[in-house]
Structure formats: C-alpha cells, structure tokens
Amino acid sequence: MKLSTSLFLLGVTLLTSIPAFAEQGIPLVTVTTGAAGEQSYSLKVQVLLLMTALSLLPAALIAMTSFTRILVVFAILRQALGTAQTPSNQILLGLTLFTTLFVMTPVLEKAYHDGIAPYMEEKLDFNEAATKAIAPFREFMLNQVRESDVALFVDMAGDVEVDDIRDVPLKVLLPAFLVSELKTAFQIGFLIFIPFLIIDLVVASVLMSMGMMMLSPVLISLPFKIMLFVLIDGWALIVSTLAAGFYV
C-alpha cells in the first residue's frame, strides 16, 4: 500500500513539473547564419545527426568498402570446398571484417585526417567535415566501379547528367559500386570453384567405374580438396590476392 501511494505521488510530481520545464524554453534546434550566408546547426542537432550516422554504420560498411567482395568470395570458397558450415559464419564474418579494415586503412586514415579531426578541433563545420570525410570513400569506390555499371544507373536515374565519372552523385555511385563488386566477386568465385569441381568430377568418375555408385562422391573428394587447399596455402593466397586486387 505504501509502495503504490509513493508511486502515485511520484507520478503526480512529474506531471506537475512538466510545465515548469516547458516554460524554461530549452531550444533544441538553433540555426546560425554565417557572414557568407551559410547556415550551421546547433550542437544538439549535430550530435543527433552523428548518432543517426552511427546507426547506419553497418550499411555503410557493406556499401562503401571492400566488405561485399571479400565476404562473397569466402562464401563461394566454403561452398566449393563442400565443408558445409566449416568455417562457421562468425569466423568468416570476422575474417572478412579484419581483412576489410586492412584494405580500407589508408582510406579511413585519410577520412579521419581530412574531415573528422578538423571537425573535432572546430576548424571545419559539420557540412564541410562530412564532405571531406566522404571524399576518400568516393575515390575508393570510383577506382573499383565499372563505367558500364555507372552508366546503367545514370540511365535508370533519368534526372542525372554526368560529363565526368568523377562527378557522379552518391545515389548513383553506391548501387553501381555494389553491383560491380558482386560481379567481380562472382568472377573470382568461378575461378576458385573450377579446381574443386575437377576433383569432384574425377572422384565421381572413379567411383562410377568401380561400381561404387552407392558411395557419395562428396564424402571421398572432401579430404582431397582439403589437402589440395592446405598444400597451396589457400587461405593466405586468397586473402593476399583479394587485398591486392583493390586500388586504394
């Protein structure tokens, strides 16, 4: 009884105090006009925009980095080996993440020094800092994307006219980059798949000629594929090839 009474009194106190806080008029959005006519938002809005950007960080990691190509190649490699869930999804994601960080380190450092660090030192406003921070990622995506994919999305957009590929807007560059990365990943995956497919065909032919049709060829070929992959130091070879394939 005492607990319910206390909660009731606390609720009444909070409700009666709301108008008092409202009368103080704490501003959330403050727009300041500079000498050149530019507008800058208050720190509260900038922090809100920053938190929103952090919530979109996983999507940015997939859309603007080497993450997509590396993960697709690793998934195709696991399928070609025929090891089912080995390595597990968590291991593949971890390897992909740290390989992506290795590849993207020059881009991240440039984005930090050109945009984030000056903003934290209050040398640039939020808009200028965001533009300079995104510029290295634009350069990275432009170095990887195919011109045919950019032209495809420019035609689909309809309202975009680009004379130079360097001037393409992000709304066109991002989907073009993703499609280009998927195309490159599947091309690499095709080349990786061929040696393991040949092993499967040879094992299946041998079992067929021996009349052992009830024995699964996958079960017999799996040790040979793993042995081949280990002998050529496959993980190091694939990771180094993927990392060297990006133009940073």
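Buried, on this tour, means under 20% relative accessible area, exposed means over 50%, and partly exposed is anything in between, with a 1.4 Å probe and only protein chains counted. You are looking at a predicted model, where local features need pLDDT of at least 70, side-chain atom pairs count only at pLDDT 80 or more, and totals for chains, interfaces and linings use all residues. Residues are numbered from 1 along each chain as its sequence is written, and side-chain values use heavy atoms, with hydrogens and water left out.

**The whole chain**

Start with everything in cartoon view. You should find 10 helices and two strands, where helices (H or I, at least four residues) and strands (E, at least two) are DSSP runs numbered from the N terminus. From that end the order is α-β-β-α-α-α-α-α-α-α-α-α. Of the 248 residues, 29% count as buried.

Switch on the surface: the protein exposes about 16200 Å², and carbon and sulfur atoms supply 71% of it. Those accessible areas come from the Shrake-Rupley method with a 1.4 Å probe; for residues, only the protein chains shown count as cover. As for contacts (heavy atoms within 4.5 Å), take those between residues at least 6 apart in sequence: 67% of them join residues at least 24 apart.

**Into helix 5**

Before the helix, select Thr86 and Pro87. A cis peptide bond joins them, with omega about -5°, and Pro87 is in the loop between helix 4 and helix 5. Move on to Asn89, which lies in helix 5. With a relative accessible area of 39%, Asn89 is partly exposed. Add Ala75 to the selection: its C-alpha atom is 8.8 Å from that of Asn89, though the two are 14 residues apart along the chain.

Now select residues 89–120, the whole of helix 5. A straight helix of 32 residues would span 46 Å at 1.5 Å a residue, but this one covers only 37 Å between its end C-alpha atoms. (The expected span is 1.5 Å times one less than the number of residues.) Where does helix 5 bend? Centre on Met104: the bend there is about 60°, and the proline Pro106 follows within four residues. The bend at a residue is the angle between axes fitted to the seven residues ending there and the seven starting there.

Met104 is also one of the buried residues of helix 5, among them Leu92, Val103, Val107 and Ala111. Show helix 3 (57–63), helix 4 (67–81), helix 6 and helix 10, which are included in what covers those buried residues. After helix 5 comes Glu122, whose phi is positive, near 60°.

**Along helix 8**

Select residues 170–209. Helix 8 has 40 residues, which should span 58 Å at 1.5 Å a residue; its end C-alpha atoms are 57 Å apart, so the two agree. There is still a kink to find: about 30° at Ile194, shortly before the proline Pro195. Past the helix sits Gly211, with a positive phi near 75°.

**The aromatic pairs**

Show the aromatic side chains. How many aromatic pairs does the structure hold? There are five. Rings of Phe, Tyr and Trp (its six-membered ring) pair if their centres lie within 6.5 Å; planes under 30 degrees apart count as stacked, over 60 as edge-to-face and the rest as tilted.

Phe140 and Phe246 make a stacked pair, 6.0 Å centre to centre with 25° between the planes. The pair links distant parts of the chain: Phe140 is in helix 6 (residues 126–144) and Phe246 in the segment after helix 10 (234–244), 106 residues apart. Are these rings buried or exposed? Phe140 is buried at 1% relative accessible area, and Phe246 counts as buried at 6%.

Next, select Phe196 and Phe229. Their ring centres are 6.2 Å apart and their planes at 50°, so this pair is tilted. Phe196 lies in helix 8 and Phe229 in helix 9 (residues 217–231), so the pair ties together parts that are 33 residues apart in sequence. Phe196 is buried at 5%, and Phe229 is buried at 7%. Add Phe74 and Trp235, and you have one aromatic cluster with Phe196 and Phe229.

Go back to Phe246 and show Arg69. The charged end of Arg69 sits over the ring of Phe246, 4.0 Å from its centre; that label needs NZ of Lys or CZ of Arg within 6 Å of the ring centre and within 35 degrees of the ring normal.

**Last stop**

Finish at Asp233, in the loop between helix 9 and helix 10. Asp233 has a positive phi, near 55°, in a residue other than glycine. Its relative accessible area is 47%, so Asp233 is partly exposed.

How values were computed:
The expected span of a helix is 1.5 Å times one less than its number of residues.
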